[in-house]
Amino acid sequence: MKKAILLASLLSAFSSYAQDEVAIKSQVADAINELRDFISIPNDALNPDDIDRNINWLKRKFGERGFNTAVLETENLPLFFAALPMNTQKPTVLIYMHLDGQSVDPTKWNQPDPYEVVLKAPEGDGFKTISWDELNDDINYDWRLFGRSTSDDKSPIVMLLNTIDLLKNEGTEMPFNVKVILDSEEEKSSKPLPKAVKEYRDLLEADFLMIVDGPVHASEKPTVVYGCRGITTLSLTTYGPIQPQHSGHYGNYAPNPGFQLAQLLATMKDTNGKVLIPGYYDGINIDEATLNILKSVPDSDEAIAEKLQFKTAEKVGSFYQEALQYPSLNIRGLESAWVGAKARTIVPESATAELDLRLVVESDGTRLKKLVKDHISKQGYKVLDHEPSKEERMQFDKIVYVKEGSVTDAFRTSMDNPYGVFLTKTMKETFGEDVIQIRTMGGTVPIAPFINELKIPAFIVPAVNPDNNQHSPNENVKIGQLAYGIKMFYGVLSTPME
Ligand SMILES: [Zn+2]
């Protein structure tokens with residue numbers, strides 16, 4: 001008897017699972033059609049007319065699903081906002097995505113028009129185009145849709161729309177209020193966003209923010225990202241004679257800016273890549289629990305070294321994820337006179353190093369820039385904020401002209417935030433596997449100032465495949481990722497928080 005009940009319940013669990021898969025697949029079919037339609041509207045952020053046409057499409061699509069929509073004017077291109085009717089008893093999720101895309105050069109694409117989606121199946125190391133008719137027989141989750149913004153970031157918008165359909169068809173009541181903000185200038189650094197938060201604060205008010213943009217971890221497993229690094233830049237120039245001089249006449253005599261710059265840069269880091277400037281890593285403490293989460297990310301340091309072809313990594317952290325928890329000090333370019341075939345026998349007039357500093361929440365960019373400048377002064381250099389005049393050249397032996405870049409802050413949400421716990425738990429249940437938790441992503445997202453201004457817990461929940469050629473020709477999304485995104489949104493929007 002017991003056995004029979006067990007079998008029956010197993011069977012029913014299996015059949016509801018199977019039904020879910022069937023329901024998801026048919027929703028994916030709808031999503032593919034909707035995505036083709038959406039991609040066919042060019043979305044180059046450099047062209048305001050493109051953005052208007054996309055916003056009109058969005059108004060209609062969100063409107064059909066019962067959202068109230070609004071176009072939020074900014075100092076530049078407008079933002080698109082949508083919200084389902086509010087219930088004050090429920091917590092509110094704000095979902096950020098973007099509708100603009102990178103410009104395209106059609107000659108670099110393996111298809112006639114990057115805005116006309118092409119269906120392809122994997123073949124050997126590449127892909128072959130297949131007819132849309134093949135979708136009528138079967139939707140293969142390994143097939144891909146090629147077109148601009150198929151991954152970045154139109155498919156997440158379509159995933160959300162189709163999840164709403166699925167929830168409505170099933171009569172599932174959502175335990176959250178849902179607000180959506182769609183950026184139209186993400187590819188142009190989202191400049192109007194922080195100001196827009198101030199202007200539309202009431203409208204954007206929410207309990208937590210989900211950013212659905214970018215790819216899942218390289219292992220293709222479910223991923224939640226809690227933060228990302230910020231960035232600022234410094235440009236350092238040292239000076240020799242006012243004009244390049246003959247190295248026979250003046251070598252050994254005219255001061256050499258290349259050596260000055262090399263000596264200066266060498267004081268900034270030890271041979272293991274650790275910054276020697278006092279205070280640079282202040283405030284960063286990685287406790288045991290955090291270290292364990294960092295270690296649980298399935299990266300292989302050996303594989304990274306093999307792929308990038310270097311023997312030993314720098315030792316700021318003891319492994320890749322740990323290294324990303326610290327601010328970097330990177331020489332991104334060096335220039336003095338000429339090299340290679342153009343090299344000349346001269347004492348150059350100047351040498352320049354371009355630095356970028358990736359920031360973490362503990363390391364304010366303005367503070368780090370000041371630490372570097374103070375360090376330069378301590379090495380006996382006169383720090384100037386302009387090109388030296390003749391008077392200054394005659395007054396100081398060693399001069400550095402420091403040009404400062406603006407600061408984009410880092411953001412990071414605490415890993416024990418209840419909404420983050422909810423997201424990872426729900427996704428773990430949805431996909432039946434552990435969720436990869438990234439504490440700090442190495443790169444910088446332009447919406448960090450928006451997040452910091454909103455002052456609510458924020459999580460990046462990526463939904464597309466890592467090999468999507470984002471920003472490049474032949475951008476694509478794996479059809480299986482459409483299913484992934486719909487399941488992810490479905491799990492989150494149908495599961496009550498405990
Ligand atoms: Zn994006």
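Me: At what angle do helix α2 and helix α4 pack, and how far apart are their axes?
Reply: This is a predicted model. Helix α2 (residues 48–64) and helix α4 (residues 154–169) pack at about 15°, and their axes lie 11 Å apart. Angles under 35 degrees count as roughly parallel, so α2 is roughly parallel to α4. The crossing of α2 past α4 is left-handed.

Me: Which residues make the contact?
Reply: From α2 come Asn54, Trp57, Leu58, Lys61 and Phe62. From α4 come Lys154, Ile157, Val158, Leu160 and Leu161. By class, seven of the contact residues are nonpolar, one is polar and two are charged.

Me: What are the protein donors of the zinc ion?
Reply: They are His98 (NE2), Asp152 (OD) and two OD entries from Asp213, at 1.9 to 2.5 Å from the zinc ion. Along the chain their spacing reads H-x53-D-x60-D. Histidine 98 sits in strand β3 (residues 92–98) and aspartate 152 in the loop between β6 (144–146) and α4, so the pair ties together parts 54 residues apart in sequence.

Me: Why is the arrangement around the zinc ion irregular?
Reply: Start with the ideal: four tetrahedral donors have angles of 109.5 degrees at a metal. Here the four donor atoms subtend angles of 54 to 146°, which makes the arrangement irregular.

Me: Where is the cis peptide bond?
Reply: The cis bond joins aspartate 152 and aspartate 153, with omega about 15°. Aspartate 153 lies in the loop between β6 and α4.

Me: What is the phi of serine 190?
Reply: Serine 190 has a positive phi, about 50°, though it is not a glycine. Serine 190 lies in the loop between β7 (177–183) and α5 (193–199).

Key. Residues are numbered from 1 along each chain as its sequence is written. This is a predicted model: local features need pLDDT of at least 70, side-chain atom pairs count only at pLDDT 80 or more; totals for chains, interfaces and linings use all residues. Side-chain values use heavy atoms; hydrogens and water are left out. Axes are lines fitted to C-alpha atoms, for helices over the stretch in contact, and angles run from 0 to 180 degrees between N-to-C directions. Helices (H or I, at least four residues) and strands (E, at least two) are DSSP runs, numbered from the N terminus. Angles under 35 degrees count as roughly parallel, over 145 as roughly antiparallel, 65 to 115 as roughly perpendicular and the rest as oblique. A crossing is left-handed if the near helix is turned anticlockwise from the far one by less than a right angle, and right-handed if clockwise. Contact means heavy atoms within 4.5 Å. Ala, Val, Leu, Ile, Met, Phe, Trp, Tyr, Cys and Pro count as nonpolar, Asp, Glu, Lys and Arg as charged, and the others, Gly among them, as polar. Donors are N, O and S atoms within 2.8 Å of the metal (3.2 Å for Na, K and Ca); water is not among the atoms, so sites may look incomplete. Four donors count as tetrahedral if all angles lie between 85 and 135 degrees; four count as square planar and six as octahedral if opposite donors are over 155 degrees apart and all others between 65 and 115; anything else is irregular.
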